[in-house]
Amino acid sequence: MKWLRKITTKGFIILLVLTTAGFVTARGMMDGNRCYIAEDEVIKGDLFVLCGDLIIEGRVEGHVIGAARVATIHGQVEDSIYLLGGEMQMHGKLGKDLHFIGLVLKIEEETRF
């Protein structure tokens with residue numbers, strides 16, 4: 001799994017450089033083993049993440065950009081998702097595009113684009 005960490009770190013840096021050229025400021029930053037946005041929580045603006053487990057049950061009023069080992073989206077992202085990771089499960093609502101580089105992508109039936 002050392003090789004996966006190297007790829008993840010390098011890929012995250014490349015992804016961050018390529019996708020943030022047009023952004024002026026970051027509205028939110030989350031990192032750690034578990035990043036959680038509760039159902040009643042709203043993030044205004046873009047959210048940058050570097051998480052072991054990313055769980056979004058609330059709403060992000062911007063883009064989600066970064067890396068997560070496992071990402072689960074039950075809530076709403078009003079713009080696009082740019083994510084590098086091992087696994088992503090999409091159950092919620094996405095306003096624009098999904099850009100995922102990883103091993104497993106699960107888009108559930110209840111997902112709305």
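Which pattern does the chain follow when it is read along the sequence? The chain follows α-β-β-β-β-β-β-β-β-β. Put as a tally, its secondary structure comes to one helix and nine strands. Please keep in mind that this is a predicted model.

**The chain as a whole**

Let us begin with some overall values. The chain has 113 residues, and 42% of them count as buried. About 6,700 Å² of the chain is exposed, with carbon and sulfur atoms supplying 55% of that area. Among the contacts in the chain with a separation of 6 or more, 10% are between residues 24 or more positions apart.

**Two open sheets**

The strands are easiest to follow sheet by sheet. One open sheet is formed by five strands in the order β1-β3-β5-β7-β9, with parallel pairing. Its edge strands are β1 (28–37) and β9 (98–107), each of which pairs on one side only. On average, neighbouring strands of this sheet are turned by 10° against each other, direction ignored.

The other open sheet has four strands, in the order β2-β4-β6-β8, and the pairing here is parallel too. At its edges stand β2 (42–44) and β8 (93–94); each has a single partner strand, so one side of each is left without a neighbour in the sheet.

Some of the strand pairs can be set side by side:

| Strand pair | Sense | Bridges |
|---|---|---|
| β1 and β3 (residues 47–56) | parallel | nine bridges |
| β3 and β5 (residues 64–73) | parallel | nine bridges |
| β6 (residues 76–77) and β8 | parallel | two bridges |

A few residues help to locate these pairings in the 3D view. Gly28 has Leu47 in β3 as its bridge partner. Further along, Cys35 stands opposite Leu54 in β3, and Leu54 in turn stands opposite Ala71 in β5. In the four-strand sheet, Gln76 stands opposite Lys93 in β8.

**Strand β3 and the disulfide**

Strand β3 deserves a second look. Eight of its ten residues are buried, so β3 is largely enclosed by the rest of the structure.

How many disulfides does the count come to? The count comes to one disulfide. This disulfide is formed by Cys35 and Cys51, whose sulfur atoms are 2.0 Å apart. Cys35 lies in strand β1 and Cys51 in strand β3, so the pair ties together parts that are 16 residues apart in sequence. The link of Cys35 and Cys51 is left-handed, with -95° about the S-S bond. Are Cys35 and Cys51 buried or exposed? Both Cys35 and Cys51 are buried.

**The nonpolar core**

Now for the nonpolar side chains. In soluble globular proteins, nonpolar side chains tend to be buried together. In this model, the largest nonpolar core has 21 residues. Those with the most contacts inside this core are Val49, Leu54, Val60, Val64, Ile81 and Met88. The elements that give two or more residues to the core are β1, β3, β5 and β7 (81–90). Which element gives the largest share of this core? The largest share comes from β3, with five residues.

Ile81 is a good residue to click on here. Leaving aside residues up to four places away in sequence, Ile81 touches Val64, Ile73, Met88, Met90, Leu94, Asp97, Leu98 and His99. Two of these, Val64 and Met88, are also listed with Ile81 among the core residues with the most contacts.

**A residue in a loop: His74**

Where is His74 found? His74 is in the loop between β5 and β6. Its relative accessibility is 41%, which means that His74 counts as partly exposed. The cut-offs behind this are under 20% for buried and over 50% for exposed, with partly exposed in between.

His74 also has partners from other parts of the chain. Not counting residues up to four places away in sequence, His74 touches Ile56, Glu57, His91 and Gly92. From C-alpha to C-alpha, His74 and Gln89 are 8.5 Å apart in space, while in sequence they are 15 residues apart.

Terms used. Residues numbered from 1 in each chain as written. Predicted model: local features only at pLDDT ≥ 70, side-chain atom pairs only at ≥ 80, totals over all residues. Heavy atoms only, no water. Pairing = 2+ DSSP bridges. Axes fitted to C-alpha atoms, helices over the stretch in contact; angles between N-to-C directions. Buried < 20%, exposed > 50% of the residue type's maximum accessible area, 1.4 Å probe, protein only. Disulfide = S-S within 2.5 Å. Core = buried A, V, L, I, M, F, W, Y, C linked by side-chain atoms within 4.5 Å. Contact = heavy atoms within 4.5 Å. Areas by Shrake-Rupley, 256 points an atom, 1.4 Å probe, with all protein chains shown as cover.
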